[in-house]
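Subject: the structure to look at

Hi,

Here is the structure I promised to pass on. Have a look at it first, then read my notes below.

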Amino acid sequence: MECVFKIKLKRQFEARLCVVGCFDGHQPAVACATGSCGQVLLYYPHEQGEHGGSDPEMKALNFNKALTSLGCGPLNASLTARERDVLLVGMSSALLVYDVEMNSDVFYKEVQDGVNCMCFGTLRGVEEPLVIVGGNCSVLGFDWRGAEEFWTVTGDNVRAVAAARPGDGEPGSELLVGSDDYEIRVFQHEEAVTEATEADRVVALAGLDGGRFAFGLANGTIGVYRGAERKWRVKSKHALVALAAHDVTGDGAFEIIAGWSTGALTVRVASNGSVIYRDGFKASVAAVLWADLRMSGAPQVVGVSVDGELRGYVAVDATQVGRDDEERAAREQLGALQARKRELLLELRSLEDTIRHASGDGGANAGEPLKLGISHSCPAQATNRDKSSFEFVFATTNGTFVSSVVVLDTDGGLFDGETLVAMPAHPTSSCALALFPRKNFPANLKIQIHVGSRPSSKELHVFEVDYELPKFCCFLRVEDPRHAPQPTSYVQFSLPVTLPPLAEWIEKSFVNMEAVKFTGDSIQPLWFEARQVGGQVNCKVSTNEMATAAEVVQDLAAFVDARELESVADFPAEMTALEDILSRVAKFNAIRIRLTADMADGSARIKALVLKAEDARLMADMPLMKRHYAELFALNNELIAEYNKRANNHEALLAALKDVNQIIQKASNLRAGAAKSRVVAEARAAIKTNAIDSLYQIVCEGRSKVSPAQ
């Protein structure tokens, strides 16, 4: 690749708030947010400015509200025929679709859940293109009329949404959703068909082909998934700002373009993550775009920095690319051989030192390599009853000493950071290391045990152990039911399987489980009961935490490949909390309406006072003008106070709506397949109509009294 043009606009742009679209139907234009006043600058590279000369055309759009996201696309079918895009503007509590060419609003929509991110696309099952908005634990899709055509819930605030081509070849796009709970979800219709847990908040997503997609995390990690399988990932110490996926080299395969807070821009091969191009801006990257700004007939990668610089990149000659790839492969192979040489030299020196020290001590085992004796249960595991943690215990059996233990989480997300280290104050024959998992999910751990022959030994041998941590590792089997009384809350369901697969699932998902009975931790008991009845097994999961029950149901359904699962649940504490949350939502909505009306009345009074003050000035009545301006000053302070009240009320409303959406998401995860999607759809309808009783029944029974399916 090579840079073919550089443009300096001498403006400051906001990171992540930059898009490119064909707003007039003839030429592309770059739209970037600038400052915090809600202004969007439009740069037309092929138009001269108002004063002529070589300065480019720059237009400013003022929305007078803080912007949270930008997008564009041919939302209206009539605009699509003319190849004209509309500008999608996201604000803290509203969505504006703006026709730049006609200088008019297509629609303005209040979005109570907020607008954190957005994208444009045509989802599977929806005929018309949608603007898809990610907000407060929810994802919404609006058509060009502003009608809500799509809605679903997530486990936390949504930070990234993208449309991706499905791997099955069916028409329509899958929806990729990344959120603050470290989850990446792939939706078909309103059902999450794939879920993957990562090591940090998901801040960027980009669709590839064949069911693949790229992701970016808040800790600087980027990588690629195919379905639920992660193909590769790499981590940077810098913050990721922008992520895009396009066929940059024109070879039919996608490349991943990433922009970083340091100003670095990298292009990687999507199949393996190898870097094929690097460049650097003086300031942080604001966005990575894909457009034909040169109008040459082929799109270019366009990097935009926060200080207003635009750079365009195109692929170079394929022959040169091949030579560069060969040279890069040769350099990588040489580097790997040199690294292996250094490792062997260090190992040789360590063995020589060990032999020399052993000979000097007159030991009978002089020259014999050090051996680690670890019991058959090592890495020995036990759930710590007092700390509700998973604890490893490593012990030697041949008189050697454990100096330290290092645990590496290769999947990421199990604990803060990716490495844990335990180092006894004095080397002993055993060492314990406790894990406090942030979530219930399986993890592949690489464990290094550093062992020495003497407490003061400087020569340590490193033994490596791979260990698969069970998903529910913080639960342990309780022999006496009195130590973990059965909770009153539960979920019941049936599976078309026999008992042996369930026993296999329990052995795989829990620690030291020998029978299908129950398990529990020292804080919140979890009971699992199963009974064979004919050709199916009736299951009951008893726990006071609906989230835990939902995780158990989803994991078990995936293990036995149950595509459809109906259930009946009873969680009185969750229902009481839901009732309280809904009452708070109603209260906050009433306050919001009243404050909005008061502010509208205050705005009208301000306009009247300004006119009166101007009339007094024209009549040279200075005392009257001063009195009007004094009233105007006092009224302005009142409006500022009212605005602060409204802002605080809005934050409280968002928090309450987030709790409602999370309960709906947990209730949907108590089911699978069509039942799961039905819970989300009917819960949304019940909230819109304020049918609280129906909402309770939907959560508990999976359907309302009058279900559309009936």
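Let's start with one residue: Asn649 is buried, since its relative accessible area is 7% (buried means under 20% relative accessible area, exposed over 50%, partly exposed in between, with a 1.4 Å probe and protein chains only). You'll find Asn649 in helix α6, residues 622-668. What does Asn649 touch, not counting residues up to four places away in sequence? The answer is Phe588, Ile591 and Arg592, where a contact means heavy atoms within 4.5 Å.

A word on how to read all this. This is a predicted model, so local features need a pLDDT of at least 70 and side-chain atom pairs count only at pLDDT 80 or more, while totals for chains, interfaces and linings use all residues. Residues are numbered from 1 along each chain as its sequence is written, and side-chain values use heavy atoms, with hydrogens and water left out.

Now the whole chain. The protein chain has 710 residues, and 49% of them count as buried. Its secondary structure comes to eight helices and 40 strands; these are DSSP runs numbered from the N terminus, helices being H or I with at least four residues and strands E with at least two. The accessible surface is about 33800 Å², and carbon and sulfur atoms hold 51% of that (Shrake-Rupley method, 1.4 Å probe; for residues, only the protein chains shown count as cover). Among contacts with a separation of 6 or more, 55% are between residues 24 or more positions apart.

How sure is the predictor? The mean pLDDT is 83, and 87% of the residues score at least 70; pLDDT is the predictor's confidence in each residue, from 0 to 100. Two stretches where pLDDT stays under 50 are residues 361-382, with 47 contacts beyond four places in sequence, and residues 513-522, with 34 such contacts. Where pLDDT is low, don't read the predicted coordinates in detail.

Next, a sheet. Four strands form an open sheet in the order β14-β15-β16-β17, paired antiparallel (two strands pair if DSSP finds at least two bridges between them). Why is one side of β14 and of β17 left without a neighbour in the sheet? Both β14 (158-164) and β17 (191-197) stand at the edges and have a single partner strand each, so one side of each stays free of a neighbour there. Between β14 and β15 (residues 174-179) there are six bridges, and Ala164 sits opposite Glu174 in β15.

Last, the aromatic rings. There are nine aromatic pairs, counting rings of Phe, Tyr and Trp (its six-membered ring) with centres within 6.5 Å; planes under 30 degrees apart count as stacked, over 60 as edge-to-face and the rest as tilted. Phe475 and Phe510 have ring centres 6.4 Å apart and planes at 75°, so they are edge-to-face. They link distant parts of the chain, 35 residues apart: Phe475 lies in the loop between β35 (461-469) and β36 (490-495), and Phe510 in the loop between α3 (499-509) and β37 (519-520). Phe510 also pairs edge-to-face with Trp505, at 5.8 Å centre to centre and 90° between the planes. Phe475 is buried at 6%, Phe510 at 5% and Trp505 at 1%. Phe472, Phe475, Trp505, Phe510 and Phe528 make up one aromatic cluster.

Cheers
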